[in-house]
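These are my notebook entries on one protein model. I record what I looked up, entry by entry.

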Amino acid sequence: MRINGATWNIDQRDFIIEDGDECYGAIDGTDDGPANEWILGAAFLKNVYSVFDLGGIQIGLGQLA
């Protein structure tokens, strides 16, 4: 996955959510809000280090060792 020019490795098993006989993608885009906005939940965040700066309104991401 590429975000802002950086490549992030995500285990392929984390991309699929199984629900009985149906499968869903774990990372999804949205039509609400600005263009190119994505919802990145546990499927992405468990594969990176993340820092949330609420005062500076920014998020820092780092590769897992």
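**Entry 1: charged pairs.** I began with the salt bridges and found 2 of them in the structure. The model is a predicted one, and I read each value below as computed from it. In one salt bridge Arg13 pairs with Asp11, and the closest N and O atoms lie 2.5 Å apart. I then looked up the exposure of both partners. Arg13 is exposed, at a relative accessible area of 67%. Asp11 is partly exposed, and its value is 27%.

The other salt bridge joins Asp14 to Lys46, with 3.1 Å between the closest N and O atoms. Asp14 sits in the loop between strand 2 and strand 3, and Lys46 in the loop between helix 1 and strand 7, so this pair ties together parts that are 32 residues apart in sequence. Are these two partners buried or exposed? Asp14 is buried, with a relative accessible area of 15%; the cut-off for that class is under 20%. Lys46 is exposed, at 55%.

**Entry 2: aromatic rings.** I next searched for aromatic pairs and counted 1. The ring centres of Trp8 and Phe44 are 6.3 Å apart and the ring planes stand at 80°, so I entered the pair as edge-to-face; the class requires an angle over 60 degrees. The pair connects distant parts of the chain, 36 residues apart: Trp8 belongs to the loop between strand 2 (6-7) and strand 3 (16-19), and Phe44 to helix 1 (residues 42-45). I checked burial for both residues, and Trp8 and Phe44 are each buried.

**Entry 3: nonpolar core.** Which residues make up the largest nonpolar core? I listed 6 residues: Trp8, Ile10, Ile27, Ala43, Phe44 and Val48. The aromatic pair of Trp8 and Phe44 is therefore part of this core. As background, I noted that nonpolar side chains tend to be buried together in soluble globular proteins. I then looked up the contacts of Ala43, leaving aside neighbours within four places in sequence: Ala43 touches Ile10, Asp14, Ala26 and Ile27. Among these, Ile10 and Ile27 are core members, while Asp14 is the salt-bridge partner of Lys46.

**Entry 4: nonpolar surface.** I looked for nonpolar side chains on the outside as well. Leu45, Phe52, Ile59 and Leu61 make a nonpolar surface patch of about 350 Å². Phe52 of this patch lies in strand 7 (residues 48-53).

**Entry 5: backbone angles.** I looked up positive phi values in residues other than glycine. Asn4 has a phi of about 50°. Asn4 is located in the loop between strand 1 (2-3) and strand 2 and is exposed, with a relative accessible area of 81%. Ile57 also has a positive phi, near 50°. Ile57 is placed in the loop between strand 7 and strand 8 (58-63), and Ile57 is exposed at 75%.

**Entry 6: the chain as a whole.** I closed with the overall values. The protein chain has 1 helix and 8 strands, in the order β-β-β-β-β-β-α-β-β along the sequence. Of its 65 residues, 12% are buried. The chain exposes about 5,400 Å², and carbon and sulfur atoms supply 52% of that area. Among contacts between residues at least 6 apart in sequence, 31% join residues at least 24 apart.

Conventions: Residues numbered from 1 in each chain as written. Predicted model: local features only at pLDDT ≥ 70, side-chain atom pairs only at ≥ 80, totals over all residues. Heavy atoms only, no water. Patch = residues over 30% accessible without salt bridge, like charges linked within 9 Å, V, L, I, M, F, W, Y side chains within 5 Å. Areas by Shrake-Rupley, 256 points an atom, 1.4 Å probe, with all protein chains shown as cover. Salt bridge = Lys/Arg side-chain N within 4 Å of Asp/Glu carboxyl O. Helix = DSSP H or I, 4+ residues; strand = E, 2+ residues; numbered from the N terminus. Phe/Tyr/Trp six-rings, centres within 6.5 Å; stacked < 30°, edge-to-face > 60°. Buried < 20%, exposed > 50% of the residue type's maximum accessible area, 1.4 Å probe, protein only. Core = buried A, V, L, I, M, F, W, Y, C linked by side-chain atoms within 4.5 Å. Contact = heavy atoms within 4.5 Å.
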